[in-house]
Amino acid sequence: MIVLSLAEIADVVGGRLHRAEPGAQVTGTVEFDTRKLTPGGLFAALPGEKVDGHDFAAQAVEAGAVAVLAAREVDAPAIVVPPLPAGEAHERSVALTGDKDGSGAAVLAALAKLARHVVQRLAEGTLTVVGVTGSSGKTSTKDLIAQLLEPLGPTIAPPGSFNNELGHPWTALRADAGTRHLVLELSARGPGHIAHLAEIAPPRIGAVLNVGSAHVGEFGSREGIAKTKGELVEALPEDGVAVLNLDDPLVAAMASRTKARVVFFGESASAQVRATGITLDDQARASFRLVTPAGEADVQLPLHGEHHVSNALAAAAIALELGSSPDEIAARLSAAERRSARRMEVVTREDGVTILNDSFNANPESMRAGLKALAAMTRDTGRRSWAVLGVMGELGADSVNAHDEIGRLVVRLNISKLVVIGPEAAAMHQGAHQEGSWGEESTLVPDVEAAVALLHDQLRPGDVVLVKASKAAGLWRVAEALLEPRETDNSENRSNGGDA
Ligand SMILES: Nc1ncnc2c1ncn2[C@@H]1O[C@H](COP(=O)(O)OP(=O)(O)OP(=O)(O)O)[C@@H](O)[C@H]1O
Ligand SMILES: [Mg+2]
């Protein structure tokens, strides 16, 4: 963070000082976990389901905090903000912090104000805020953008998907006078959420990747999702840049909703930043020619799945805006690494079984992307492909249909085996049957344990296994179990594989 006195911070967040020296300065980072504090830091006391940060005030000061940002007086120097009345912000922070009395909402609102103040001051200097949103690929793209911008100057980006009302200000508050780029992922569960996040750290460059059906249950329709995602480009200033996917009509249409200059990316010939001649290797890694107004260069993406081409183009368009050449961008994309876990993580066991751990989350679009990668990795190789899939959540009235369609796609892509986990996902199993009248190729099992038992029993060297579902299904447990070293092949724990 930039150096601020407690009096300045109290002023910015609308709080009052309690036992605190007005002139004392915060020189470190803002943390909500006392274990992360360093000398000169500020501790944000958040209530939680089990523990309340306010009870750790003294510990925070011992760990180096100059003061505590709190919703009530604590046993330490503090900036105290009043609890918020119940309302939308309150409901979201209840979900986030387990807050019962509005105190979590109050501290989150204070963090938001502080972050906005800091970012605005830094943006008057050399800081550029880059925001990315979309239904799928925000985290993967945020990681690519960070890797393209880091060589251009100090860059801050959140770890993983830490993109909510807490992660957003927490990340923004890590920026200081030396920071050149702040790369943020903006996600929404309802109207106004992206506008709110964009107020906390106003982006100058904003990219929209795609509009899918994630959370369609909450938004009502894809148009509803597009309306909310477009809040990002509405927040951009006149001297900003909106980076939009021309291959997605709902995204392309957002061009009319922004004051900023528009740069289109995609495979379409009229996109300014585009990919031509895309090919996939037997690991489903894409190679393509990156075509831009500033020149062309060849890219070999080390990430698995053709869907990363679109993400890479968005990242390339942003890096171009910030001064990179196509050659530099192509070289950096070709050396990119996967930074966030459980997204197309590919590991091959000693016996030659390859696990595609894509278990972080799922929606119909990312399911399709994962299945296509699985198919590309096994096509013409003689390897058997396994799709081990669980429920896709929050799809509302369309849920059964969406699961049915995925089951059908598995058959159409010629995947060797489908294992559907849990009764909520049963429509995938039924869809597969109806599409291809499979016999033993699709199995419905009740839970993770049954799936693991079946796979331990049936996997053969060379098989490729995709593991994917919405986060709530916790299917990384399948991937992890398959990757654990096993003592013996005929373990007593084996069950008979489920109820087909
Ligand atoms: N452009 C894309 N189109 C479809 N699927 C994608 C795309 N990019 C990534 N995915 C897949 O979507 C899943 C989630 O990826 P990622 O975590 O990057 O997205 P996200 O938008 O941040 O998700 P979340 O909303 O869960 O934070 C992964 O399975 C990933 O492989
Ligand atoms: Mg994410």
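Is Thr139 buried or exposed? Thr139 is buried, at a relative accessible area of 5% (buried means under 20%, exposed over 50%, partly exposed in between, with a 1.4 Å probe and protein chains only).

## About the model

This is a predicted model, in which local features need pLDDT of at least 70 and side-chain atom pairs count only at pLDDT 80 or more, while totals for chains, interfaces and linings use all residues. Residues are numbered from 1 along each chain as its sequence is written, chains are lettered from A and ligands numbered from 1 in the order written, and side-chain values use heavy atoms, leaving out hydrogens and water.

## The magnesium site

Thr139 (OG1) joins Ser161 (OG) and Glu185 (OE) as the protein donors of the magnesium ion (ligand 2), lying 1.9 to 2.1 Å from it. Donors here are N, O and S atoms within 2.8 Å of the metal (3.2 Å for Na, K and Ca); water is not among the atoms, so sites may look incomplete. Along the chain, the donors follow the spacing T-x21-S-x23-E. Ser161 is partly exposed, at 26% relative accessible area.

## Where two domains meet

The chain is divided into domain 1 (4-106), domain 2 (125-334) and domain 3 (345-499), with bounds from an automatic or database domain assignment. The C-alpha centres of domain 2 and domain 3 are 30 Å apart.

Between domain 2 and domain 3, 19 residues of the former are in contact with 14 of the latter (heavy atoms within 4.5 Å). One salt bridge is found across this interface, a salt bridge being a side-chain nitrogen of Lys or Arg within 4 Å of a carboxyl oxygen of Asp or Glu.
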